[in-house]
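Q: I'd like to learn how to read a fold from its atoms. Take me through one, feature by feature.

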Amino acid sequence: MLYDVYFYGMNTREEMDDFILNGHLHYVPHVSIDCAIFGYHEQQLKLLLLKHKAIYGWCLPGGYIKRTETLVQAANRIVMERTGIGNLFLQQFKAFGDPDRAKTNSFDEEKLFEATGVRFGKNNWLIDQTISIGFYAITDFVKSVPEPDIMSDECAWFAIDEVPHLEFDHDEMVKEALHTMRVHLYHYPIGYNMLPEKFTLSEIHALYETLLGKKLDISNFPKKLIALGLLKKLNEKRSIGPHRSPHLYMFDKEKYDEALREGVVLS
């Protein structure tokens with residue numbers, strides 16, 4: 001039997017019972033969304049993970065798609081439920097549908113029964129092969145409020161190089177999400193929600209280096225952003241020490257939004 005059971009977003013026993021019995025009336029069966037939510041702050045990259053009550057290991061946050069939602073609306077809702085933050089940079093990266101992708105040896109059916117009071121029959125809409133659509137999002141993790149729900153024990157940030165082995169095929173999902181995000185960094189001006197309103201060139205350079213996981217030419221990379229009109233130089237400086245007062249910059253929001261819609265080439 002395959003288990004890819006998402007109760008995420010259920011906050012009361014009544015909501016959970018209705019979801020188990022009647023969820024197929026409100027959600028698309030056997031198609032789910034998993035979200036790789038990356039957090040950046042002060043040159044650290046982290047990943048938000050969730051621990052289900054009936055599964056011993058960690059997983060990516062996920063959920064089902066309401067019949068009234070688009071895929072992007074569903075992904076935004078799932079990210080909002082886990083972080084408390086809406087309207088993040090959000091991109092679809094891959095669909096996962098291997099026949100055995102949802103098998104796990106750490107599923108505890110008794111724990112699930114203890115938590116729900118329900119024995120899942122073979123005809124329950126939640127039990128079967130499930131295709132998952134992967135999205136990634138990026139935020140400043142100190143601004144988020146990680147939220148477990150009634151079927152989760154923990155929701156927490158992990159440093160990207162300390163992420164444990166994940167359940168199901170979520171290790172592959174994280175690998176694909178990181179790869180896609182790093183490709184997108186050369187085509188989208190990611191950064192609006194991860195930096196203060198006013199920042200130095202060194203700060204945006206550090207952001208891109210951390211997200212890419214490699215060094216960038218500090219003299220050329222910010223100049224590309226300026227040449228594209230994405231950054232505006234301000235008549236202000238930040239004093240960071242004796243004889244060190246770099247200029248402050250901010251995003252040109254109109255140009256930034258246009259670049260998100262149409263794409264740019266930053267390499």
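A: Start with the vocabulary: helices (H or I, at least four residues) and strands (E, at least two) are DSSP runs, numbered from the N terminus. With that in hand, G213 is found in the loop between α5 (201-212) and α6 (221-227). This is a predicted model, where local features need pLDDT of at least 70 and side-chain atom pairs count only at pLDDT 80 or more, while totals for chains, interfaces and linings use all residues. Residues are numbered from 1 along each chain as its sequence is written, and side-chain values use heavy atoms, with hydrogens and water left out.

Q: How many helices and strands does the chain have?

A: The chain has 7 helices and 8 strands.

Q: Back to G213: is it buried or exposed?

A: The scale is relative accessible area: buried is under 20%, exposed is over 50%, and partly exposed is in between (1.4 Å probe, protein chains only). G213 comes out at 57%, which is exposed. The C-alpha atoms of G213 and L45 are 9.1 Å apart, although 168 residues separate the two along the chain.

Q: And what percentage of the chain is buried?

A: Of the 267 residues, 51% are buried. For the surface, areas come from the Shrake-Rupley method with a 1.4 Å probe, and for residues only the protein chains shown count as cover. The chain exposes about 13000 Å², with 49% of that supplied by carbon and sulfur atoms.

Q: How do I read the contacts, and what percentage of them join residues at least 24 apart?

A: A contact means heavy atoms within 4.5 Å. Take the contacts between residues at least 6 apart in sequence: 77% of them join residues at least 24 apart.

Q: Give me one residue to look at. What does F38 touch?

A: F38 lies in strand β1 (residues 27-41) and counts as buried at 0% relative accessibility. Leaving out residues up to four places away in sequence, its contacts include L45, L47, Y136, I138, W157, I160, L178 and M181. T139 is on the list too; from C-alpha to C-alpha, F38 and T139 are 6.4 Å apart in space, with their positions 101 residues apart in sequence.

Q: How many aromatic pairs are there in the whole structure?

A: The rule: rings of Phe, Tyr and Trp (its six-membered ring) pair if their centres lie within 6.5 Å; planes under 30 degrees apart are stacked, over 60 edge-to-face, and the rest tilted. The search finds 11 aromatic pairs. One of them, F89 with Y136, is tilted, at 6.1 Å centre to centre and 50° between the planes. F89 sits in strand β4 (residues 89-96) and Y136 in strand β5 (residues 131-139), so this pair ties together parts that are 47 residues apart in sequence. Both partners are buried.

F251 and Y256 give you an edge-to-face pair: 4.9 Å between centres, 65° between planes. F251 is buried at 7%, and Y256 is buried at 4%.

Q: Which residues do ring pairs link into a cluster?

A: Y192, F199, F251 and Y256. There's a charge to look for here as well; it sits over a ring if NZ of Lys or CZ of Arg is within 6 Å of the ring centre and within 35 degrees of the ring normal. K253 lies over the face of Y192, 4.9 Å from the ring centre.

Q: Which residues of helix α1 are buried?

A: In α1 (residues 13-22) they are M16, F19 and I20. To see how they're arranged, look down the axis; the arc is that of the directions from the helix axis to the C-beta atoms. The buried residues of α1 fall within an arc of 95°, so they line one face of the helix. Exposed E14 and L21 are on the face turned away from that buried side.

Q: How many disulfides are there?

A: A disulfide is a pair of cysteine sulfur atoms within 2.5 Å. The count is 0. As for cysteines, C35 is buried at 1%, and C155 is buried at 11%.

Q: Last one, backbone angles. What is phi of Q43?

A: Near 65°, a positive value in a residue other than glycine. Q43 is in the loop between β1 and β2 (44-52) and is exposed at 57%. N87 is not a glycine either and has a positive phi of about 60°. Find N87 in the loop between α2 (71-83) and β4, exposed at 71%.
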